[in-house]
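Colleague: Please take me slowly through one part of this model, namely the way its side chains pack and pair. I am still new to this, so please explain each term once as you reach it.

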Amino acid sequence: MSDVETRRRTAEQIRTLLETEGESVQKNTSHFNRQQYEVTENFDQYEEARTRARAIKEDAIEHLPELIEQVEDAVTANGGSVYIAEDAADAREHVADLVGDATVVKSKSMTTEEIELNERLSQNGADVWETDLGEFVLQVADETPSHIVGPSLHKSRDEIAQLFNTRFDPEEPLQTAEELTDFAREYLGERICEADIGITGANFIAADSGTLALVTNEGNARKSAVTPDTHVAVAGVEKLVPSVGDLEPFFELISKAATGQDIPQYLTLLTPPVGTPTLDFETNDTLESSNDRAFHLVLIDNGRLSMRDDPELKETLYCIRCGACSNSCANFQHVGGHAFGGETYSGGIATGWEAGVEGLDTAAEFNDLCTGCSRCVNNCPVKIDIPWINTAVRDRINQAGDDQFDWLVEGLTPDEEGSIDARKRLFGNFEMLAKIGSATAPVSNWLMNARPTKALLERTLGVDRRRSLPSFERETLRDWFDARGGSDIADPRREAVLYPDVYTNYVHTDRGKAAVRTLESLGVVVHIPAVSESGRAPLSQGLISTARARATSVADTLDSHLDQGRDVVVIEPSDFAMFQRDYERLLPAKEHERLREQSYEMLEYVYGLLANGADKDVLSRGEHIAYHSHCQQRTLGLETYTEAVFEDLGYEVVTSDVECCGMAGSFGYKQEYYDLSVDIGDDLRSEFTDVDGPIVASGTSCLEQLESLMSPRVQHPIEIIAPDNY
């Protein structure tokens, strides 16, 4: 299939999901998310618990071979059996041999979804029933999960009612949530009583005792495990932790992260085979001997041990399957896991899982839906750097890219990246494009927005013709700064390098000039060196080698300024996030640490100057303002500085609370994602529609999205507070 056809089909799929599943997915994930923010804010030991949980997972994965041997000994000593399955097929066949044609009840288990167990058991004539309500709905509807924790959250109550009424034809039509739940509970209760075998997953397994931890909202896992006399637990090897004592931070975190609940509704710890007798439901008064119980633990590798040896995918194994990354992701909120997912797993962390257990081809199908906004980073209970995993996988996918349109981007491709998709070269080398566009403006601006050019860009590189393209300035910020003779003020209090990101230097030069005026009026001598793009653009396309080269160039250029004790002030939040977080993986530790410590986001720096005695009366004042902070700015906890400066200057600030504007750099320019970007942006537009006062946004992509949706002139905060004369 050609790239053009692939983009067209992806766009059609996304439009369909926006219309059919988007509303329910957004309603449910947003609800989970709001609850999670509230419950974690009120949990004083949240960061401590995250740190402990992360350390336990790191240690467990490091010692995984020893833990596997340990749990084999423990379960065998308890009277159960352990089978280590090499891959999905191996696991399927082993469980199928154990089950035969028995009647089976299952609790929700993504690992059994991964190995497609139900289909294999049915081939043997087994009667299999899912006992989790969401999984039961999907079983009746013959659909696949759309979320790790809430598999059927893409369905509305009305859709479920229609499904149940059609399938089961109750005496009175089912309508309310209570009626649907009561029906499912009674129906599945009968299936559990009839079952010969119960199959569960395991949220965690203590290696030293063989104890399983099962976390559910319905208690169905416990019933499935202990009601039938045979229990089969199927879990990935990464579920092992050393002991029950290590489980405490996970119990504190998992329900908070998953659904925003303080504690799990049902938390079951059992060391099977359990000692309780089984109940004979036919005679209702006969208790059989507990000696008749059987337990089988099936531990699955299926690529996990290779992931353990992979430095980029290893962190994926720390995942506790809470779904918090999905809930906090704007793209997921609008299309759900049927677009943002692979064979089994969905959401941000799915790229790592699918790349590890299915392969790059599966991961490539949805990897681009991670925009790297980083909103999931602070929501992951075990601190997994999910955007980096997605970037690393994207880098690997690039190596098999298509070079069909190389001629269009000739000269934009660094040699070290090899053959990659032409569109990724274009977006990943935006600095080169900006240099050419600026040098040839205004002709370049006219040409880029001419209908034939936009049609050509859409057909060849998938740049959606509906999106307005940047308009380059002929005089760059650096040219303007050099022409005025640099910066020379009396009695300076500090010296700072104003980092000239690509957009500030070539497109939005007004905000750069406003930054210079503001800093100088507050007593800061400004320097604007000839420094390269930060590496953000290539990193967003998965071009890690290019991003590393850019990072090295930036660090080398700024080195002498840092030696002289100068601060580095950054206007664009995504570039500041590079300096603070991403450079840790791209630069030597000492270089990153020095740049990180001496760098400041623009309004953070202004806040610091005012807090240390700078005269705020030189800055412009106002009454009302609508402010949208950038995703990465919020991840770093920096939006409060902008709000504080505005409030200190007398502004009444209305802030947005949407997760993302939907633009996220190049994402909204891409043909297959344009409609999704607009759909997400509409949430932000609706928040600001009735605001009295100017609209400001910290990030370039946010600014472009707001301008395209609302048609006002949107400014950076520094343009609002900058003095007109000084």
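Modeller: What follows starts with one helix and then moves on to cores, rings, charged pairs and a few backbone details.

This is a predicted model, in which local features need pLDDT of at least 70 and side-chain atom pairs count only at pLDDT 80 or more, while totals for chains, interfaces and linings use all residues. Residues are numbered from 1 along each chain as its sequence is written, and side-chain values use heavy atoms, with hydrogens and water left out.

Let us begin with helix H1 (helices being DSSP runs of H or I with at least four residues, and strands runs of E with at least two, numbered from the N terminus). H1 has 18 residues, 3-20, and reaches 26 Å from its first C-alpha to its last, close to the 26 Å expected at 1.5 Å a residue, where the expected span is 1.5 Å times one less than the number of residues. In H1, Arg7, Ala11, Ile14, Leu17 and Leu18 are buried (buried means under 20% relative accessible area, exposed over 50%, and partly exposed in between, with a 1.4 Å probe and protein chains only). These residues lie on the same side of H1, because they cover an arc of only 130° around the axis, the arc being that of the directions from the helix axis to the C-beta atoms. The buried residues of H1 pack against helices H2 (22-41), H15 (330-335), H19 (422-428), H22 (451-461) and H33 (674-688).

From there we can turn to the nonpolar cores (a core is a set of buried Ala, Val, Leu, Ile, Met, Phe, Trp, Tyr and Cys residues joined through side-chain atoms within 4.5 Å). The largest one has 88 residues, and those with the most contacts inside it are Ile205, Leu240, Leu297, Leu299, Ile349 and Ile384. If we leave aside its neighbours within four places in sequence, Ile349 is in contact with Ile148, Thr316, Cys319, Cys325, Ile384, Ile386 and Ile389, contact meaning heavy atoms within 4.5 Å. A second, separate core of 35 residues includes Leu519, Leu522, Ile571 and Leu609.

Rings can be followed in a similar way, and a search of the whole structure finds 26 aromatic pairs (rings of Phe, Tyr and Trp, the last by its six-membered ring, pair if their centres lie within 6.5 Å; planes under 30 degrees apart count as stacked, over 60 as edge-to-face and the rest as tilted). Phe164 and Phe168 form an edge-to-face pair, because their ring centres are 5.7 Å apart and their planes stand at 85°. Both residues lie in helix H9 (157-168), four residues apart, which is about one turn of the helix, and both are buried. The pair of Phe430 and Phe472 is tilted, since the centres are 6.2 Å apart and the planes are at 35°. This pair links distant parts of the chain, with Phe430 in helix H20 and Phe472, 42 residues away, in the loop between H22 and helix H23 (477-483); Phe430 and Phe472 are buried as well. Ring pairs also link Trp129, Phe136, Phe164, Phe168, Phe183 and Tyr187 into a cluster.

Next come the charged side chains, among which 47 salt bridges are found in the whole structure (a salt bridge is a side-chain nitrogen of Lys or Arg within 4 Å of a carboxyl oxygen of Asp or Glu). Glu47 and Arg50 form one at 3.0 Å, N to O, and they are separated by about one helical turn because they are three residues apart in helix H3 (46-62). Glu47 is partly exposed at 41% relative accessibility, whereas Arg50 is buried at 5%. Asp182 and Arg185 also meet at 3.0 Å, N to O, and they too lie three residues apart, in helix H10 (177-194); Asp182 is partly exposed at 43%, and Arg185 is exposed at 51%. Salt bridges also link Arg54, Glu58, Glu315, Asp385, Arg581 and Arg585 in a network.

Finally, look at the backbone. A cis peptide bond with omega of about 0° joins Pro272 and Pro273, and Pro273 is in the loop between strands E9 (266-270) and E10 (279-280). Asn302 has a positive phi near 50° although it is a residue other than glycine, and it is buried, with a relative accessible area of 10%.
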